[in-house]
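Biologist: I'm new to this one. Could you show me how to read its sheet?

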Amino acid sequence: MAYMSEEGYNKLLADLKQLETVERPKVVAAIAEARDKGDLSENAEYDAAKEAQGLLEMKISKLKAVIADAKIIDESKLKTDSVQILNKVELKNVKNGMKMTYTIVSESEANLKEGKISVNTPIAQGLLGKKVGEVAQIKVPQGMIELEVVNISF
């Protein structure tokens, strides 16, 4: 089961609609065009179009599985007394004093450029359940880091 915000769920639905209504007809048209060019046994265009179709159908299938498995989180029931999914967490690296802010989201909504990290990352896992003022010791590929929870919000 994948927990996600309503916004993230709606984005997945929009992506699925785009793939099914825009991308799929493009691939079908490319296959038909390549088929019209003659002998299929030596037609690289046809092979490429069929491969693109297979990749697209796999992408659609995976997206449908994520949507079917999704559970939308009721944001009105979220609290900020401890870190949980959909919380915006302000952190301070104990060692160097560097501050950072992350929003903990589902894997399908993660986007580091927007400051959204997956609930499945080591940092998010180490922060879940922590309260303001607590320090989380988190094992990352570079070793251990200590992050202090400075603030929790939505």
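Modeller: Let's go through the annotated domain, then the sheet, then single strands. Keep in mind that this is a predicted model.

Biologist: Which residues does the UniProt domain annotation cover?

Modeller: The unreviewed UniProt entry places "Transcription elongation factor GreA/GreB C-terminal" at residues 80-153. That span is 8% helix and 45% strand, and its end C-alpha atoms lie 6 Å apart.

Biologist: In what order do the strands of the sheet come?

Modeller: Reading across, you get β5-β4-β3-β7-β6, five strands in an open sheet with mixed pairing. β5 (116-118) and β6 (135-140) are at the edges with a single partner strand each, so one side of each has no neighbour in the sheet. From one strand to the next, the twist averages 45°.

Biologist: How do I read the side chains along a strand, say β3?

Modeller: In a regular strand, side chains alternate between the two faces of the sheet. Now look at β3 (residues 88-93): Val89, Leu91 and Asn93 point to one face and are buried, while Lys88, Glu90 and Lys92 point to the other and are not buried.

Biologist: And which residues stand opposite each other?

Modeller: Follow the bridges. β3 runs antiparallel to β4 (residues 99-105), with five bridges joining them, and Lys92 faces Lys99 there. In the hairpin of these two strands, five residues sit between them, and Gly97 has a positive phi near 80°. β3 also pairs with β7 in the antiparallel sense, over six bridges; here Leu91 is opposite Val149.

Biologist: What about β6?

Modeller: β6 pairs antiparallel with β7 (residues 143-153) over six bridges, and Val135 has Glu148 as its bridge partner in β7.

Methods:
Residues numbered from 1 in each chain as written. Predicted model: local features only at pLDDT ≥ 70, side-chain atom pairs only at ≥ 80, totals over all residues. Heavy atoms only, no water. UniProt positions renumbered as here; feature names shortened; annotations may be inferred. Helix = DSSP H or I, 4+ residues; strand = E, 2+ residues; numbered from the N terminus. Pairing = 2+ DSSP bridges. Axes fitted to C-alpha atoms, helices over the stretch in contact; angles between N-to-C directions. Buried < 20%, exposed > 50% of the residue type's maximum accessible area, 1.4 Å probe, protein only.
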